[in-house]
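The exercises below are to be worked with the sequence and the 3D structure in view. Each task is followed by a solution in steps.

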2 protein chains.
Amino acid sequence: MIQEFLPALEAEIAEQDLGKTPVELYEPIRYLMQLGGKRIRPVLCLLAYSLFKDSWRKAVAPALGIEIFHNFTLMHDDIMDKAPLRRGKQTVHEKWNDNIAILSGDVMLVNAYQYLNKTENLSLAEYQYLCQRFNRTAAEVCEGQQMDMNFESRSQVQIAEYVEMIRLKTSVLIGLSLEMGAILAQTTREISDSLYQIGELIGLGFQLKDDLLDVYGDPEKFGKQAGGDILSNKKTFLLIRAIEQAEGQVQTELQGWLAAESYHPQEKIQSVTAIYNALGIKEETELEINQYFDQAFVAMDELPLEEGKKEGLLKFMRGLVDREV
Amino acid sequence: MIQEFLPALEAEIAEQDLGKTPVELYEPIRYLMQLGGKRIRPVLCLLAYSLFKDSWRKAVAPALGIEIFHNFTLMHDDIMDKAPLRRGKQTVHEKWNDNIAILSGDVMLVNAYQYLNKTENLSLAEYQYLCQRFNRTAAEVCEGQQMDMNFESRSQVQIAEYVEMIRLKTSVLIGLSLEMGAILAQTTREISDSLYQIGELIGLGFQLKDDLLDVYGDPEKFGKQAGGDILSNKKTFLLIRAIEQAEGQVQTELQGWLAAESYHPQEKIQSVTAIYNALGIKEETELEINQYFDQAFVAMDELPLEEGKKEGLLKFMRGLVDREV
């Protein structure tokens, strides 16, 4: 079944229901949607739906709404972050311009709602609850992006604030993906809430793994140069913990690298990574990641469903834990 | 009744249901929403609703969704147009910055959907139809803005293209305002379609009147300096018709002003206005405006409703025809 999800989603994306003109508005949407990606969110939505129903094709369109929303946030975040590349290709504001990326992104957000509106067979109350959850989550993702931008200009960020930022920016949408599958399948509120929690935990583990892979990932597999976060002084879980724990000479060295304006990139990456190694940051981050995933598996275990039914989602979750890309 | 609409809308705006933090995200929304404005769209929605039902307070929240959407487009358009002022005050991207205006605008669009979702008492099919119309219209407004930006870099624009641009950028949302009132009141599809058409016609007349007032309005009443469109060579109905009709010496003079890089602003405004006067552009634009409004009044006449019921909406429409601000 899960092997059929991706082809079904890609087929729907290939035929994405968009306007035609002006082309400047719609080409960037097709361009970004077709850059690929793992489609984790809609796959999670379909997996959750399949916990309760076999007729998963009915959930493909609303599930795609989440993927379109996610890509909309990428289009606008890339403008704000002045990012030149996305998945190894030019970002929309680079390939076209800022105004086109703003306006195309706006249409893309509307398009996400158009796909959400392809939901079938719910009652008005169920559908409005789904919209309410979608809307609240969409606002939270923006809140997370604003926090992330605010952190850039701050000298210090606490771990609790960082975790709250990634919860909003990344995890709530992973949570919504699972929750939406449950709501679409008309299960109980208790179960859809539990699936949201599971998704949020997965999302936290997922984002911390991203932070880890940016430093320790195999560049061949990870697809981007390791050390990007180190070069940009990005306040990730790793850097925040390193700043908190470094003392004496190590603290001086770390602060030196953070303040340095001219350096050999590879030297900065190697030196900061060496500091992380000395402080045991890798192991600590792995522990933190595992803790979130473990909680998610415990919550899965507690879901009042036949164990056999859960296997698809559990297998996908294990893939996220073990991922190297 | 209509006297109660504005206070009810302003009360709802004063208590607008928004998130709290980060403040950078939500303050700009309150700022822009509270800059004022005539609230034409939600008032039209409530007027249309009142054609069929007395319980108009139930329609206030979704009607406000249209006003929030409209203000979202202003926030993003102002970034794209690099506009320094909005209603005589700093625009959001000027008062804060571009990134905040992008992201606040995004949350504002989501907030518009949150208000749309406060719709009550419809069937799922009726509500999804409302969402479908809202979504399609929202995409069209973005299409209109993209056309408008495209026109800036073109040397020639045809009247038909211009009218299509203002139809998308302005009129479809006025159309939706009336249509939404009808859908919320659960009237027939035929009547909600007619109200959409009436709104679209009003919107065309309304925008052409805006073009006219920018040149011929009384600055004391209109609240902004006359001639802004002339100074920026904005391809309005007036300029496009003048370019089409000017010949010989007049054409040369007009093109001279369009190409001029250094001039006294008042001299350019007076000279181009004199050309408009010589070509009868004012009268032609007024004729065009009246034609759209006349069609709207004919369509109102044909609406199968008690004449007495229509009086509120008709009176409001007459106010739009006669407006000098």
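The model is predicted.

**Exercise 1. Locate B:P22, describe the peptide bond that leads to it, and do the same for chain A.**

Step 1. B:P22 sits in the loop of chain B that runs between α1 (2-14) and α2 (23-33).
Step 2. The bond from B:T21 to B:P22 is a cis peptide, and its omega is near -5 degrees.
Step 3. In chain A, A:P22 is found in the loop between α1 (2-14) and α2 (23-33). A:T21 and A:P22 are joined by a cis peptide bond with omega of about -10 degrees.

**Exercise 2. State what is noted about the phi of B:K82, and where B:K82 is placed.**

Step 1. B:K82 is not a glycine, yet its phi is positive, about 50 degrees.
Step 2. B:K82 belongs to the loop between α4 (60-80) and β1 (85-86) of chain B.

**Exercise 3. Find the operation that superposes chain A on chain B, and name the relation.**

Step 1. Chain A is superposed on chain B by a rotation of 180 degrees, with 0.0 Å of shift along the axis and an RMSD of 0.0 Å.
Step 2. This is the relation of a two-fold axis.
Step 3. The C-alpha of chain A nearest the axis belongs to A:L124, at 2.3 Å from it.

**Exercise 4. Describe the interface of chain A and chain B by its residues and its buried area.**

Step 1. Count the residues: 40 of chain A are in contact with 40 of chain B.
Step 2. Compare the two sides: 100% of the interface residues of chain A are interface residues in chain B as well, so the copies meet through the same surface.
Step 3. The size of an interface is often given as the accessible area lost when the parts come together. Chain A and chain B bury about 3,500 Å² between them, and 64% of this is on carbon and sulfur atoms.
Step 4. Of the area that chain A buries against chain B, 15% comes from A:L103, A:L124 and A:Q146, more than from any other three residues.

**Exercise 5. Describe how α7 of chain A packs against α6 of chain B.**

Step 1. Two packed helices are described by the angle between their axes and the distance between the axes. For α7 (residues 124-152) of chain A and α6 (residues 98-116) of chain B, the axes come within 9 Å and cross at roughly 165 degrees.
Step 2. Angles over 145 degrees count as roughly antiparallel. α7(A) and α6(B) are therefore roughly antiparallel to each other.
Step 3. Their crossing is left-handed.
Step 4. On α7(A), the contact residues are A:N135, A:R136, A:A138, A:A139, A:C142, A:Q145, A:Q146 and A:M149. On α6(B), they are B:N99, B:I100, B:L103, B:D106, B:V107, B:V110, B:Y113 and B:Q114.
Step 5. Sorted by class, the contact of α7(A) with α6(B) holds nine nonpolar, five polar and two charged residues.

**Exercise 6. Treat α6 and α7 within chain A in the same way.**

Step 1. The axes of α6(A) and α7(A) come within 12 Å and cross at roughly 155 degrees.
Step 2. α6(A) is therefore roughly antiparallel to α7(A).
Step 3. The crossing of α6(A) past α7(A) is right-handed.
Step 4. From α6(A), A:A112, A:Y113 and A:L116 meet A:Y127, A:L130, A:C131, A:F134 and A:N135 of α7(A).
Step 5. This contact has seven nonpolar residues, one polar residue and no charged ones.

**Exercise 7. Describe the packing of α13 and α14 in chain A.**

Step 1. α13 (residues 248-259) and α14 (residues 265-279) of chain A pack at about 150 degrees, with their axes 10 Å apart.
Step 2. α13(A) and α14(A) are therefore roughly antiparallel to each other, and their crossing is left-handed.
Step 3. A:V250, A:E253, A:L254 and A:W257 of α13(A) make the contact with A:E267, A:K268, A:S271, A:V272 and A:I275 of α14(A).
Step 4. The contact residues divide into five nonpolar, one polar and three charged.

Methods
Residues are numbered from 1 along each chain as its sequence is written. Chains are lettered from A and ligands numbered from 1 in the order in which they are written. This is a predicted model: local features need pLDDT of at least 70, side-chain atom pairs count only at pLDDT 80 or more; totals for chains, interfaces and linings use all residues. Side-chain values use heavy atoms; hydrogens and water are left out. Axes are lines fitted to C-alpha atoms, for helices over the stretch in contact, and angles run from 0 to 180 degrees between N-to-C directions. Helices (H or I, at least four residues) and strands (E, at least two) are DSSP runs, numbered from the N terminus. Angles under 35 degrees count as roughly parallel, over 145 as roughly antiparallel, 65 to 115 as roughly perpendicular and the rest as oblique. A crossing is left-handed if the near helix is turned anticlockwise from the far one by less than a right angle, and right-handed if clockwise. Contact means heavy atoms within 4.5 Å. Ala, Val, Leu, Ile, Met, Phe, Trp, Tyr, Cys and Pro count as nonpolar, Asp, Glu, Lys and Arg as charged, and the others, Gly among them, as polar. Copies are superposed by least squares on the C-alpha atoms of residues with pLDDT of at least 70 in both. Buried area is the accessible area (1.4 Å probe) that two parts lose on being put together, summed over both.
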